[in-house]
Amino acid sequence: MGINDVILKTVAKAVVLIILTFGIYLFLSGHNSPGGGFVGGLVLASAFVLMFLSYDTETVKDAIPIDFKKLSAFGVLLAVLSGLGPLLFGQNFLAQSFDYFNLPIFGKTEIATVLIFEAGIALTVVGVVVNIILSISEDE
Amino acid sequence: MESLIIILVGVLSTVAFYLLLSRNIVRVILGTAILSHAAHLMILAMGGLKIGSAPLLGEEAETYVDALPQALILTAIVISFAVTAFILVLAYRAYQELGTDDLEEMRGTDNE
Amino acid sequence: MNNIILIPMILPILAGVLLIFLRTYGRLQAWTSIAVMAVVAAAAVYLLNAIQTDGILRIDFGGWTPPFGISFVADSFAVLLVLTSSVVTVICLLHALVSTDKELVTMYFYPTVLFLIAGINGSFLSGDIFNLFVCFEVMLLSSYILLTLGGSKRQLREAIKYVSINIVSSWFFLIAIAYLYGAVGTLNFAHLSVRVAENGQEPLLTTISIVFLIVFSLKAGLLLYFWLPGSYSSPPVVTSALFGALLTKVGIYAMFRMFTLVFYHEPETTHNIIAVMAVLTLIGGSIGAIAHNDIRQIAAYNVVIAVGFILTGLAIATPDAIEGAIFYLLHDMVVKALLFLLIGTIILLTGTAQIGKMSGIIQNYPILGWSFFIAMLSLAGIPPLSGFVGKVLLSQGAIDSGSYLLLAIALGSSLFVLYSMLKIFKNCFWGETIVSKDDQVPLRRGFLVPCLLLVALTIGIGLGAEGLSAYVSDAADTLLNPQVYIDAVLTEDFQ
């Protein structure tokens, strides 16, 4: 991937940041308005893919030393474990609960246990999507 | 409106099956992608296209649409996404190994 | 604690994910998977006994009760299949311990097998049809990966066909689910059964049931089996043993569930179609089994014949026939794994799959030869081996209901099975040996032990049929009385 495109690279630097922020927003707003782990994860993944497209694969891999295969495995693990957590409290598999907290900046915020599950999904989606792109683009 | 969607599903399925029956593997993969879209639209139409608010807690609307088909479609999209990604990589590998993208030449024999 | 119902699906997934982090530790991966599957088998035994005393068990995910939430329902039929598939997997993994290449192991072989089993067990246990679809896809995606692992030309070629045909059948599945939801407005098995019974099974619903029949026939290899021999005969030994033993069974399970619980009102149409398809499968499979000279192909066609045989039981649908079909289903999982392991071992030892190129290897490997002999007898249904009980019960059912033609063809197919197996036995094991004692490839104990375990299991099921029959007849009872299942799943309000 030896594209040397100044405009793409410059724009990517700014846009990646916006995409990442939007991805996190979508992920956090998930449990009772449009959004969620899957969509948020896809948006986050698209930021990574943009980086891989505009820069060299090697450069990005040096900058983000994450094994995306393991990232997706970790995501699944997190999601399954969050499902198993309620068993410790005598609840059914995948049961959820939520409560309201007063956070310093955000004020009264609803935090639900489903967030852990969604985080697992998001990590899985990021891992899988980046993996697919990398495995297709790897050997030229 | 439902009838219109069903006709669209029919058109999409026709296109998809036409592509599926061709010999070029990339066309077959495109066919499978369109096929999955047809199925998703079908599920949506079968739930009934009602006018109502999105099935979310904060909306406080009088009527809501049926949430189940949407959940089903989301799941089906994820699955078809994974399968399409897989078959794309598979086709690429097969092209590298076998040196052809023509399904007719992938027939193969017993004796090998 | 009903949470035990989760173990057959969640534990393999959890273990599979953990094993991804242990990529380079081949031995550890193998033994962990074996241990996990043994725990699953133990959980299944526990569940099976709990069902006999407490009735059908159920767990609602997240506490959402049916028909709104997703639930797993464990009845005797499902749990018997979970148990058998787990035991068969343990034994196949023991074989994998010695027969799998290092390269394959680092390519996530064991995690994929565990995901495959999670999908299979999930399909058996799921209580609604969309969850069945999802579990099917988990199983299919894992099978795509297992089929292509190794990446030989033949595997890649067959994988493209296998994946394409399964995408089309998944499309049919989705369309059928959409039709069903449009027609009756629910997807929970028990609720479907209630609604269909209320409305009466109109021609529209019967048509939808036939779309489902097409879907499951594609998965099970009932009549629509043209993809099966190629894809089951190309992957490495353990993979093809798992495929031959387990994959088609999930399709068969789904058919039994659908046509005994939901669409049982119009047997003149649906069950007759199944009967015709089963007969054609038996005939086609028999022709394939005697026509081929590649031992992998012969084994694959034997899978097809068994599918036809089991589904004659569903077509007849008397208590005896269903019981026989369940017995035969359990027997077939064990004996097909045995057959594919033996055939894989023969190919590893002789380096060829063609009947004509080998001869007399019983002199080099006597135990292997006699194991094959027992597998052959068991497949043909000779007492006291496991195939006998199923065949007798099914025949009894056929005679009671007067389906003599079905009976004649089903039993006739056994002769073709015997013939095709005898062909392998006579050509490969008897006659002048092709390898001298000095330069024969030594048969490692790791290859032989799993085969012997399966031989013991097939003899055990045959001799212990009496003990097993309590569970099997409970399973058949539940299948034939949908109300039992409905009562266990739905509260009064929804019935």
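This passage describes chain contacts, a strand pair and a helix pair in a predicted model.

The contact between chain B and chain C involves 28 residues of chain B and 25 residues of chain C. On the chain B side, helix H2 (25-46) and helix H3 (68-98) each contribute at least two residues. H3(B) provides the largest share of this side, with 14 residues. By class, the residues of chain B that touch chain C comprise 19 nonpolar, five polar and four charged.

Chain B is also in contact with chain A, through eight residues of chain B and six residues of chain A. The side of chain B that touches chain A consists of seven nonpolar residues and one polar residue, with no charged residues. Charged residues are thus absent from the side of chain B that touches chain A, whereas four are found on the side of chain B that touches chain C.

In chain A, strand E1 (residues 98-103) is paired with strand E2 (residues 107-112). The two strands run antiparallel and are joined by six bridges. A hairpin of three residues leads from E1(A) to E2(A). Within the pair, Asp99(A) stands opposite Ile111(A) of E2(A), and Asn102(A) stands opposite Lys108(A) of E2(A). Burial was assessed for each strand. E1(A) is hardly covered, since the count of buried residues among its six residues is zero. For E2(A), the number buried among six residues is likewise zero, so this strand lies largely in the open.

In chain C, helix H15 (residues 366-380) packs against helix H18 (residues 445-463). Such a pair of packed helices is described by the angle between the axes and the distance between the axes. For H15(C) and H18(C), the angle is about 30 degrees and the axes are 10 Å apart. Angles under 35 degrees count as roughly parallel, and H15(C) and H18(C) are therefore roughly parallel to each other. Their crossing is left-handed. H15(C) enters the contact through Ile367(C), Leu368(C), Ser371(C), Ile374(C) and Ser378(C). H18(C) contributes Leu448(C), Cys451(C), Leu452(C), Val455(C) and Thr458(C). By class, the contact of H15(C) with H18(C) has seven nonpolar and three polar residues, and no charged residues. The polar residues are Ser371(C) and Ser378(C) of H15(C) and Thr458(C) of H18(C).

Conventions:
Residues are numbered from 1 along each chain as its sequence is written. Chains are lettered from A and ligands numbered from 1 in the order in which they are written. This is a predicted model: local features need pLDDT of at least 70, side-chain atom pairs count only at pLDDT 80 or more; totals for chains, interfaces and linings use all residues. Two residues are in contact if their C-beta atoms, placed from the backbone, lie within 7 Å. Helices (H or I, at least four residues) and strands (E, at least two) are DSSP runs, numbered from the N terminus. A residue is buried if 20 or more other C-beta atoms lie within 10 Å of its own, exposed if 12 or fewer, and partly exposed in between; C-beta atoms are placed from the backbone. Two strands pair if DSSP finds at least two bridges between them. Axes are lines fitted to C-alpha atoms, for helices over the stretch in contact, and angles run from 0 to 180 degrees between N-to-C directions. Angles under 35 degrees count as roughly parallel, over 145 as roughly antiparallel, 65 to 115 as roughly perpendicular and the rest as oblique. A crossing is left-handed if the near helix is turned anticlockwise from the far one by less than a right angle, and right-handed if clockwise.
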